[in-house]
Amino acid sequence: EHIGQTPRYDMLATKEFYMAHREILDKIEYSKNMHQHKLSIKKQMEQKEQELMSNPKITKRKAQEIIDKMRKDQDKQAKENQIMRHPFERFLDEMHEIAENGG
């Protein structure tokens, strides 16, 4: 299981589906949910980092290398999985990409 991976959910009844759909489309609620989701991912990463750094079987240097790789993997996954990213973050990514490619 990857950090930040979208969990699988059971099918919803029609009424529940539309209630959830409206909640997702509510921009303020969406922003709150995304913020909470990102905080939970950050906490998971911090816990894993603490576990690695406090593991006596791993040198600090090796633990830091593993942490750096985990962070890179998480960033790569977040960019590949655009659903997780807030629409404004996706907009900024596109603007940076356009600026780097010259147009």
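1. Confidence by element. Among the elements of the protein, helix α3 (residues 60–80) has the highest mean pLDDT, 86, and helix α1 (residues 14–25) the lowest, 72. This is a predicted model, and the mean pLDDT of the protein is 79. A value of 70 or more is reached by 79% of the residues.

2. Glu49. This residue belongs to helix α2, which covers residues 27–54. Is Glu49 buried or exposed? Its relative accessibility is 15%, and because buried means under 20%, Glu49 counts as buried. Leaving aside residues up to four places away in sequence, Glu49 touches Ile67, Met70 and Arg71.

3. Length of helix α4. Helix α4 runs over residues 87–101, which makes 15 residues. At 1.5 Å a residue the helix should span 21 Å. The C-alpha atoms at its two ends are 21 Å apart, so the expected span and the model agree.

4. The residue after α4. What follows helix α4? The next residue is Gly102, and its phi is positive, near 75°.

5. A nonpolar patch. Which residues make the nonpolar surface patch of about 470 Å²? They are Phe88, Phe91, Leu92, Met95 and Ile98. One of them, Leu92, lies in helix α4. Leu92 has a relative accessible area of 34%. That value falls between the 20% limit for buried and the 50% limit for exposed, so Leu92 is partly exposed.

How values were computed. Residues numbered from 1 in each chain as written. Predicted model: local features only at pLDDT ≥ 70, side-chain atom pairs only at ≥ 80, totals over all residues. Heavy atoms only, no water. Helix = DSSP H or I, 4+ residues; strand = E, 2+ residues; numbered from the N terminus. Expected span 1.5 Å × (residues − 1). pLDDT = per-residue confidence, 0-100. Buried < 20%, exposed > 50% of the residue type's maximum accessible area, 1.4 Å probe, protein only. Contact = heavy atoms within 4.5 Å. Patch = residues over 30% accessible without salt bridge, like charges linked within 9 Å, V, L, I, M, F, W, Y side chains within 5 Å. Areas by Shrake-Rupley, 256 points an atom, 1.4 Å probe, with all protein chains shown as cover. Salt bridge = Lys/Arg side-chain N within 4 Å of Asp/Glu carboxyl O.
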